Amino acid sequence: MAANGNGCAQNSALIRIGSRDSELAKKQTYMVRDALQKVHPKLEFDIITMKTKGDKILNLALSKIGSKSLFTKELEMALEEGQVDMVVHSLKDLPTTLPDGLVIGCVSEREDPRDAVIMHPKHTTASLASLPNDSVIGTSSVRRAAQLKRKFPNLRFESVRGNLNTRLRKLDTADDYAALILAAAGVLRMGWADRISQYLGEDECMHAVGQGALAVECREEDSPTLDLLAAIAHPSTTIAAIAERALMRTLEGGCSAPVAVHTKVTEESLSLKGGVWSLDGTEQLVHSMSTPLKIKGEASSKEEPKAKVTKTSMTYCGIVPPCGMEQIMGRVHDLGKSLAQELLDQGAEKILQAAKAQNDAHTPTTNPNMPPSKAVLEEVSKAKPTGHWISP
Ligand code: DPM
């Protein structure tokens, strides 16, 4: 909500929502705005769009830029400075540690979290298994490439940049790629369901942490905005999001590390499967764990969150727990951490460190969790702002 001079929220009928300005990002922001409008018909919402560093750097692969908040930083600064009251992100683009003073006020219902195959028009009846040897698959995700190289060693994987519209145009109007791998969620939200030839199952390609869910970030002290967001929080998606992010945070994985998950939330239990891969997919560690969700005396996972968040005393990997579900969220957070610890005990650290070192060998950045080095920034300043980075 509108901030006054000292950064505190005050009651105001106009809510300003920050968003990246790609078509998908705006579609996602409209979804959140419409949900809020439905619950709060009297309020007025304004959407303010901006470009992020990730939208401007187009000549480097995601894993090579080496900054964790590539798609979020400029928006978070606007939030901190009180220019906007909330920001809508794809949850998977939000680092597991947020800047001080900011929280994820709510996670909305997850779209299909799987990855999908979009074929070149000449291959529409094919599947990854039936593509000719040495076909080139476009993806900038080391997570997808590692898992799919393992499964389909006869295919080649190459980076593709640009937002969803740009990528699809690159696929359709040239012969560079036989297919693209994209998150089904983005493709579906763009209204391109008919372009999906194949959904990848957990045995082929486990999805990214947070994939398919939207997160709304706000200032932790802004109780009126937290109250608004509580009304659109989705409990079972929040359960999955917290468990997955706890796993990622404990593994210290980022965009440069092949880390993937598969999560099942029912009324009774949460099952989380997590995996890490070497960049070429030859090494793999996968492990699963589950925990009951219904414990006597606790709110059930399906229970509607009660509105009115008075104070955010505790967050889990930056996420404010839906009201009355603090205990459950604490337990699913512990599950994500335990699963990561199990993977670390089995040797995940060595695999992840080797993957990061291999990435760094091709880039001047030494630590993928650090901001880009001077050499990378020089490359960035040379990059022509011809479009955006990826999708949202
Ligand atoms: C992150 C990754 C990618 C995005 C890495 C990964 C995909 C990069 C690529 C962290 N963010 O998934 O392993 O394929 O080159 C992104 C997309 C969405 C959010 C697009 C996509 C839309 C889906 C969603 C980019 N971020 O993955 O196809 O809401 O989850």
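How do strand β3 and strand β10 pair, and over how many bridges? Residues 86-90 make up β3 and residues 214-219 make up β10; the two pair in the antiparallel sense over five bridges. One facing pair is valine 87 and glutamate 217, the latter in β10. The model shown here is predicted.

## The five-stranded sheet

β3 and β10 belong to an open sheet of five strands. The order is β2-β1-β3-β10-β4, and the pairing is mixed. β2 (44-50) and β4 (102-107) each have a single partner strand, so they stand at the edges, and one side of each is left without a neighbour in the sheet. On average, neighbouring strands here are turned by 30° against each other, direction ignored.

## The three-stranded sheet

Another open sheet has three strands, in the order β11-β12-β13. Its pairing is antiparallel. β11 and β13 (284-292) are the edge strands, and each pairs on one side only. The average turn between neighbouring strands of this sheet is 15°, again with direction ignored. β11 and β12 are joined by seven bridges. Threonine 263 is placed opposite leucine 272 of β12.

A helix packs here as well. α9 lies across β11 and β12. Its direction is at about 150° to β11.

## Strand β5 and its partners

Next comes β5, residues 115-119. How many of its five residues are buried? Five of the five are, and the strand is mostly covered. Asp115, Val117 and Met119 are buried on one side. Ala116 and Ile118 are buried on the other. Both faces of β5 are therefore covered, since buried means under 20% relative accessible area.

β5 pairs with β8 and with β9. The table sets out these pairings beside others from the two sheets.

| Strands | Sense | Bridges | A facing pair |
|---|---|---|---|
| β3 and β10 | antiparallel | five bridges | valine 87 and glutamate 217 |
| β11 and β12 | antiparallel | seven bridges | threonine 263 and leucine 272 |
| β5 and β8 (residues 179-183) | antiparallel | five bridges | alanine 116 and leucine 182 |
| β5 and β9 (residues 196-199) | antiparallel | three bridges | isoleucine 118 and isoleucine 196 |

## Two helices that cross

Two packed helices are described by the angle between their axes and the distance between the axes. Take helix α9 (residues 235-251) and helix α10 (residues 326-345). Their axes come within 7 Å and cross at roughly 35°. The crossing of α9 past α10 is right-handed.

Which residues make the contact? On the α9 side they include Ile239, Ile242, Ala243, Leu247 and Leu251. On the α10 side they include Val332, His333, Gly336, Ala340 and Leu344. By class, the contact has 14 nonpolar, five polar and one charged residues.

## The nonpolar cores

The largest nonpolar core has 36 residues. Those with the most contacts inside it are Ile104, Ile239, Leu247, Leu251, Val259, Val276 and Val332. Six elements are named as giving two or more residues each: β4, α9, β11 (259-265), β12 (269-277), α10 and α11.

Leucine 251 deserves a closer look. Which residues does leucine 251 contact, leaving aside its neighbours within four places in sequence? They are Val259, Val276, Ala340, Leu343, Leu344, Ala348 and Leu352.

Another core lies apart from the largest one. This other core has 19 residues, among them Leu36, Met86, Val88 and Leu214.

## Glutamate 349

Glutamate 349 is in helix α11 (residues 348-361). Is glutamate 349 buried or partly exposed? Its relative accessibility is 47%, so glutamate 349 counts as partly exposed. Its C-alpha atom is separated from that of leucine 251 by 7.5 Å. Along the chain, the two residues are 98 residues apart.

## Two positive phi values

Two loop residues complete the tour. Aspartate 134 has a phi near 65°, a positive value in a residue other than glycine. Aspartate 134 is in the loop between β5 and β6 (136-138).

Cysteine 317 has a phi near 50°, also positive in a residue other than glycine. The loop that holds cysteine 317 runs between β13 and α10. Is cysteine 317 buried or exposed? Its relative accessible area is 3%, so cysteine 317 is buried.

Technical notes:
Residues are numbered from 1 along each chain as its sequence is written. This is a predicted model: local features need pLDDT of at least 70, side-chain atom pairs count only at pLDDT 80 or more; totals for chains, interfaces and linings use all residues. Side-chain values use heavy atoms; hydrogens and water are left out. Two strands pair if DSSP finds at least two bridges between them. Helices (H or I, at least four residues) and strands (E, at least two) are DSSP runs, numbered from the N terminus. Axes are lines fitted to C-alpha atoms, for helices over the stretch in contact, and angles run from 0 to 180 degrees between N-to-C directions. Buried means under 20% relative accessible area, exposed over 50%, partly exposed in between (1.4 Å probe, protein chains only). A crossing is left-handed if the near helix is turned anticlockwise from the far one by less than a right angle, and right-handed if clockwise. Contact means heavy atoms within 4.5 Å. Ala, Val, Leu, Ile, Met, Phe, Trp, Tyr, Cys and Pro count as nonpolar, Asp, Glu, Lys and Arg as charged, and the others, Gly among them, as polar. A nonpolar core is a set of buried Ala, Val, Leu, Ile, Met, Phe, Trp, Tyr and Cys residues joined through side-chain atoms within 4.5 Å.
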